[in-house]
Amino acid sequence: MSTYEDIWYAARSTRIIYMPPKLLETFGESRVEYLVVSEEMDHPGSLVLRTGVVTAQRPRIITPAYFTQKLTENFGEDARRYLEEVVSREESARFLEYGLRFSKEAHQEERVSGNPLEVAEQAAADAQDNWERLRGILVGPDDAWEVSLMHFLAQMVRKSLPFHARDIARKGLFQLDGGTPKAVLQEIQQDFQECRNLEDAQRLGEKLRRYGLFSRFEDQFCSLYTRMKTHG
């Protein structure tokens, strides 16, 4: 397992060659294309080009207990540890009030020869010709390219965050009820209403535990589970 210093160094070594001017969507899904250019450690001039898409679901107000688990879904351990460090800093505290869930889709790899910066800069020039696409171009270490990708995504979140917070606040979704955002409570109540069978109830119970809200809804859940148990 990589040390914290290894992960930190990988992030610091990442060079974002092109950051898309377009922000992540506040109330819709965003598809972020990426190209990570890496030079193979033992073969100077031999490059690995990794391309793919990261899907950023619409921001959801969630509890801190649920935040890190869902945000790093399908990423490796090093990427998860890096993001935990990023979002735990004071400057990112507001980010804990809602989350962008990234699910890394299958990526492709291609090997070419050349200078990593030159290849990345050429790709960045191509990306600028279609600036409405959400596409990031970066150069990062071959053995920690996921950390580089997560570093890029974290920068996109930081750039989009003030606009997301403003849009969400306008709808009153940040307001707290007993320490829990109203949007979360509305979501849980909707889950209760849509529960149709025992399997739905079990999934809801698991969600309540992940959110750290089981005790708050324990009586309501007990009534629901009893009903589902009785009627199948």
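Does Arg111 count as buried or exposed, and at what relative accessibility? Arg111 counts as exposed, at 52% relative accessibility. The legends below describe close-up views of a predicted model.

**Figure 1. The chain as a whole.** The predicted model has a chain of 232 residues, 47% of which count as buried. Eight helices and eight strands make up its secondary structure. Among contacts with a separation of 6 or more, 78% are between residues 24 or more positions apart. The exposed area of the chain is about 12500 Å², and 46% of this comes from carbon and sulfur atoms. Ten salt bridges are present in the structure.

**Figure 2. The salt bridge between Arg111 and Glu40.** The side chains of Arg111 and Glu40 meet at 3.9 Å, N to O. The pair joins distant parts of the chain, with Arg111 in strand β5 (residues 108-113) and Glu40 in the loop between β2 and β3 (46-56), 71 residues apart. The two partners fall in separate accessibility classes: Arg111 counts as exposed at 52%, whereas Glu40 is buried, with a relative accessible area of 17%. Glu40 is assigned to the buried class because 17% is under the 20% cut-off. Arg111 is assigned to the exposed class because 52% is over the 50% cut-off.

**Figure 3. The salt bridge between Arg50 and Glu109.** A distance of 3.2 Å, N to O, separates the side chains of Arg50 and Glu109 in this salt bridge. Arg50 lies in strand β3 and Glu109 in strand β5, so the pair ties together parts that are 59 residues apart in sequence. Arg50 is buried, with a relative accessible area of 7%, while Glu109 is partly exposed at 41%.

**Figure 4. The salt-bridge network.** Which residues are linked in a network of salt bridges? The network links Glu40, Arg50, Glu109, Arg111 and Asp142. Two of its residues, Glu40 and Arg50, are buried. Glu109 is partly exposed, and Arg111 counts as exposed.

**Figure 5. The salt bridge between Glu33 and Arg133.** The side chains of Glu33 and Arg133 form a salt bridge at 2.3 Å, N to O. Distant parts of the chain are linked here: Glu33 is in strand β2 (residues 30-39), and Arg133 is in the loop between α4 (116-128) and β6 (135-139), 100 residues apart. Glu33 is partly exposed, with a relative accessible area of 26%. Arg133 is also partly exposed, at 35%.

**Figure 6. Helix α6 and its packing.** Helix α6 covers residues 182-194, a run of 13 residues. From its first C-alpha to its last, α6 reaches 18 Å, close to the 18 Å expected at 1.5 Å a residue. Which residues of α6 are buried? They are Ala183, Val184, Leu185, Glu187, Ile188 and Phe192. These buried residues pack against two strands, β7 (176-177) and β8 (180-181), and two helices, α7 (198-210) and α8 (218-231).

**Figure 7. Cys195 and Cys222.** The view shows two cysteines of unlike accessibility: Cys195 is buried, with a relative accessible area of 7%, and Cys222 is partly exposed at 45%. Cys222 is not classed as exposed because 45% is not over 50%. How many disulfides does a search of the whole structure find? The search finds zero.

Technical notes. Residues numbered from 1 in each chain as written. Predicted model: local features only at pLDDT ≥ 70, side-chain atom pairs only at ≥ 80, totals over all residues. Heavy atoms only, no water. Disulfide = S-S within 2.5 Å. Buried < 20%, exposed > 50% of the residue type's maximum accessible area, 1.4 Å probe, protein only. Helix = DSSP H or I, 4+ residues; strand = E, 2+ residues; numbered from the N terminus. Expected span 1.5 Å × (residues − 1). Contact = heavy atoms within 4.5 Å. Salt bridge = Lys/Arg side-chain N within 4 Å of Asp/Glu carboxyl O. Areas by Shrake-Rupley, 256 points an atom, 1.4 Å probe, with all protein chains shown as cover.
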